[in-house]
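Here are a few short exercises to work through with the model open in your viewer. Try each one yourself before reading the solution.

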Amino acid sequence: MIFSILIFVIGLIPISLGYSLFFLYEKSKLTLLIFLYMLCITFWQIDIAILYIVSPNLNEGITLFLFKLFRLGPMVALPLLLYICFEVYKSSVPKTNRFLDKVAKLILNKKMIFLSFISAAIVYGINWTNYGIKDLRLLNNSHLHLDYYFPVYGILNWTFIIHLVAFLILLVALIFVGNSLDHGKMKSFLKTLVISSLILFLFGWTNFVPSYQILVSSIAVLIYSIFILLSFIKMYNDFNTEYLNVVQRQNKLDYIGNLTASLIHEVKNSLSIIKGYSEIIPSIQKLEPQTEKIMGQVITSSNQLSKLVNAYNQFLKNDIEMEFESKNVVNSIKMAAQMMDNMLKEQQVHIEITPENKGVNAYINNTYFTQVFINLIKNAIEATPSDRLERVIKFNVIDFDNTKVIIDMYDCGCGISRDKWDKVFLPYNSSKSEGTGLGLPFCSKVMFSHRGFIDIVSSNSDGTHFRLQIPKNKFVEIDKVS
């Protein structure tokens, strides 16, 4: 009985660590899958602990029932592990290795995951029949001086063996697939997960040999659980450290922005005096035509400078901390179009979104992300020539490799010259007479906060093609797609 309790306690460690990970760190699909995977490892150890409960007060039939029940653990653990690898792989950027990429797509896809769960369900069903496990026989360990049960396998137990062997082969293949990832943190976690799981399940084969379950597999489970959790925590903390470095760089820019805001305040005070006297002088004294013209230019310049100062002040104020969540980006575009509806109707410009009725989620701050499209739509409308026949702004939303969302926007404006493609995302670069040149810089700033990009892909007299790219979740670092 003491050995049964020892194995049971060891078995609780994986689920305890998995529970802590799920609730202490961000609740995502990845942390949930790891939690379920650790739960399966716990079931596996409980399954072994049951074999060491030899008591005259416990019916052997109940022991057999519990053993078959908790055998669910090792069977479901393998497809869950495949599912975890799938989530890690799709959240990473693969290298340009075509062979490994083909192997990865062959192994890590939804069809393969579905088939693995079907396989586990079939083998688990056979486990409940006499073809899987017939009975339990009582044995004695002379070294430890204890009695324990060992299963008597049926003629179809080979299905369980094949189920395990197939997944061990997959794990070996996944070790090589891990080398195809370009992202160091995700690559390290995936390889650690796969190699550790491979070693763990190899030690698990000792469960088919009487007297060895307690000596090997339980200790391996203890070491494995701690190792995997430490590996995940390291990956998570590396992501946070990287994010904090970005925030620290942004804080330095904020400090400069605060100094600029103070300067703006002083400029506004002086500007109000200039504007005031410029407007009063013509009313109290008749001016010569040349002087009146000069004074008019002073007033016009003051008004333009006032607009510029106010716009830049608003630009600085928009730099606040953002909260992100998984949201449908198609809805963000629709909301922006709705807010610009009056201007669209006045200029007879239409919006087309593809796909219009399908959800494509990304990790965004919905308010600021919607404002990006408001700015882009406003710019596109203002850039559309009055004689343009096709007056359509098109948005094409792409779920790219389940790692990021790409939004291609095509306007019907007069185009941007190639030498100005980079400059339009810097403040004060506006081709409009009353423009402040802060709309596209604001869009660029918001995309930076989303760990994404906004670029011009092409532009000519028929219109401009903008491309926005954002990650689908927090654990993704994306590269530009040109």
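**Exercise 1.** Which residue in β6 is the bridge partner of Ile353?

Solution. Keep in mind that this is a predicted model.
- Start with the strands: β4 covers residues 350-354 and β6 covers residues 392-400.
- These two run parallel and are joined by five bridges.
- Look across from Ile353 and you land on Phe395, its bridge partner in β6.

**Exercise 2.** Find how β6 and β7 run relative to each other, parallel or antiparallel, then look at the turn between them.

Solution.
- β7 spans residues 404-410, and seven bridges tie β6 to it.
- The pair runs antiparallel.
- For one specific pairing, take Asp399: its bridge partner in β7 is Val405.
- The two strands form a hairpin with three residues between them.
- In that hairpin Asp401 has a positive phi, near 55°.

**Exercise 3.** Check the span of helix α2 against its number of residues, then work out how covered the helix is.

Solution.
- Helix α2 runs over residues 29-51, which makes 23 residues.
- The expected span is 1.5 Å times one less than the number of residues, so α2 should cover 33 Å.
- The C-alpha atoms at its ends sit 34 Å apart, in agreement with that value.
- As for cover, 18 of the 23 residues in α2 are buried, so call the helix mostly covered.

**Exercise 4.** Classify Leu12, Leu64 and Thr370 as buried, partly exposed or exposed.

Solution.
- The cut-offs you need: buried is under 20% relative accessible area, exposed is over 50%, and partly exposed lies in between.
- Leu12, in helix α1 (residues 2-24), comes out at 34%, so Leu12 is partly exposed.
- Leu12 also helps make a nonpolar surface patch of about 320 Å², together with Ile5, Phe8 and Val9.
- Leu64, in helix α3 (residues 60-70), has 14% relative accessibility and therefore counts as buried.
- Thr370, in helix α13 (residues 366-383), is buried because its relative accessible area is 6%.

**Exercise 5.** What are Leu64 and Thr370 in contact with, leaving aside neighbours within four places in sequence?

Solution.
- Leu64 touches Ile133, Lys134, Asp135 and Leu136.
- Take Ile133 from that list: Leu64 and Ile133 are 69 residues apart in sequence, yet their C-alpha atoms are 8.9 Å apart in space.
- Thr370 has contacts with Ser332, Met335 and Ala336.

Definitions and conventions. Residues are numbered from 1 along each chain as its sequence is written. This is a predicted model: local features need pLDDT of at least 70, side-chain atom pairs count only at pLDDT 80 or more; totals for chains, interfaces and linings use all residues. Side-chain values use heavy atoms; hydrogens and water are left out. Patches are made of residues with over 30% relative accessible area and no salt bridge: like charges are joined within 9 Å, nonpolar side chains (Val, Leu, Ile, Met, Phe, Trp, Tyr) within 5 Å. Accessible areas come from the Shrake-Rupley method with a 1.4 Å probe; for residues, only the protein chains shown count as cover. A salt bridge is a side-chain nitrogen of Lys or Arg within 4 Å of a carboxyl oxygen of Asp or Glu. Helices (H or I, at least four residues) and strands (E, at least two) are DSSP runs, numbered from the N terminus. Buried means under 20% relative accessible area, exposed over 50%, partly exposed in between (1.4 Å probe, protein chains only). Two strands pair if DSSP finds at least two bridges between them. Contact means heavy atoms within 4.5 Å.
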